Amino acid sequence: MKYLAFFLFFLTISESYSFVPKDAFTFDFNIKTIRMSRMKEKKIDHSIDILREIFASPEFKRRILSHRYNGRYQFAMNKGLSNSQIYHKILKGVEKLHPYDNNAMDVELELYTDYESIVVGFTNPRTRRIWMNTKYFNRNSPAEVASHLTHEWLHKLGFGHEREKCIKRKYSVPYAIGYIVRDLAKKYRY
Ligand SMILES: [Zn+2]
């Protein structure tokens, strides 16, 4: 009986990992680029193709659900949400400034140039816009741009992280899921 219970538990776990909800396949990207050359827009388009494939993959779901921090299945600074709740929040795409469950990423994207800075990009809670430094945008692969875009967008869903570099920061939702995107993009050989 005990073994049967264990087996059923295992079946449930593996089932929940491999089952990808419909939301994952229909997830859309409404990215408005601001004053951007066609060549740079093409790079963004490529990054979006990568994200579309990653968001629809069972691997993306599995990596979020199995994320561990401090010995537990959780993210740091998770706003009281479980890994599963975070995954579904992502698929709903409800940004704080665009609070509709429209199953999409809604952002504006603008490039700026600051060669002196080591900041890859930034955003703030008062705007739908995300800024990316051309210094990094130009040299980064579409996979890295996809990872960065995801990081900044997760701020739009209300997730934060420590300002200073520390252990906890890399387990935060924006960092950890940004890294998951980067890893999976490599796996798909982008
Ligand atoms: Zn950040």
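In which sense, parallel or antiparallel, do strand β5 (residues 121–122) and β6 pair? They pair in the antiparallel sense, over two bridges. Before we build outward from that pair, please keep in mind that this is a predicted model.

**The chain as a whole**

The chain contains eight helices and six strands. Read from the N terminus on, its elements follow the order α-α-β-α-α-β-β-α-β-β-β-α-α-α. Of the 190 residues in the chain, 28% are buried. If you look at contacts between residues at least 6 apart in sequence, 58% of them join residues at least 24 apart.

**The sheet**

Let us return to β5 and β6, which belong to an open sheet of four strands. The order in this sheet is β1-β4-β6-β5, and the pairing is mixed. Its edge strands are β1 (28–34) and β5, each of which pairs on one side only. As general background, strands of a sheet pair through backbone hydrogen bonds, and they do so either parallel or antiparallel.

The table walks across the sheet, one strand pair per row.

| Strand pair | Sense | Bridges |
|---|---|---|
| β1 and β4 | parallel | seven |
| β4 (residues 104–112) and β6 (residues 129–133) | parallel | five |
| β5 (residues 121–122) and β6 | antiparallel | two |

Individual partners help to fix the register when you have the coordinates open. Between β1 and β4, Asn30 stands opposite Asp106 in β4. Moving on to the β4 and β6 pair, Leu109 has Ile130 of β6 as its bridge partner. At the β5 edge, Gly121 is bridged to Met132 in β6, and Phe122 has Trp131 in β6 as its bridge partner. The connection from β5 to β6 is a hairpin through six residues.

**Helix α3 and its surroundings**

Helix α3 is a good place to look next. What does α3 touch where it packs on the sheet? It touches β1 and β4, and its direction makes about 165° with that of β1.

Helix α3 (residues 38–55) also packs with helix α8 (residues 173–187), at an angle of about 100° and with the axes 10 Å apart. The two helices are therefore roughly perpendicular. On the α3 side the contact is made by Ile50, Leu51 and Ile54, while α8 brings Val181, Leu184 and Ala185. By class, this contact has six nonpolar residues, with no polar and no charged ones.

Another partner of α3 is helix α7 (residues 142–156): here the axes come within 8 Å and cross at roughly 75°. That angle makes α3 roughly perpendicular to α7. In this contact, Lys43, His46, Ser47, Ile50 and Leu51 of α3 meet Pro142, Ala143, Val145, Ala146, Leu149 and Thr150 of α7. The residues of the α3 and α7 contact divide into seven nonpolar, three polar and one charged. Notice that Ile50 and Leu51 appear in the contact with α8 and also in the contact with α7.

**The buried side of α4**

Which residues of helix α4 (residues 58–65) are buried? They are Phe60, Lys61 and Arg63. These three lie on the same side of α4 because they cover an arc of only 165° around the axis. For the geometry behind such patterns, recall that an α-helix has 3.6 residues a turn, so residues three or four places apart point the same way.

**Two asparagines with positive phi**

Finally, the backbone deserves a look. Most residues other than glycine have a negative phi. Asn70 has a positive value, near 60°, and is a residue other than glycine. Asn70 sits in the loop between β2 (68–69) and β3 (72–73). Is Asn70 buried or exposed? Asn70 counts as exposed because it has 9 C-beta neighbours inside 10 Å.

Asn103 also has a positive phi, of about 60°, although it is not a glycine. The loop that holds Asn103 lies between α5 (83–92) and β4. With 16 C-beta neighbours inside 10 Å, Asn103 counts as partly exposed.

Definitions and conventions. Residues numbered from 1 in each chain as written. Predicted model: local features only at pLDDT ≥ 70, side-chain atom pairs only at ≥ 80, totals over all residues. Buried ≥ 20, exposed ≤ 12 C-beta atoms within 10 Å, placed from the backbone. Arc of directions from axis to C-beta. Pairing = 2+ DSSP bridges. Contact = placed C-beta atoms within 7 Å. Axes fitted to C-alpha atoms, helices over the stretch in contact; angles between N-to-C directions. Parallel < 35°, antiparallel > 145°, perpendicular 65-115°, else oblique. Nonpolar A, V, L, I, M, F, W, Y, C, P; charged D, E, K, R; others polar.
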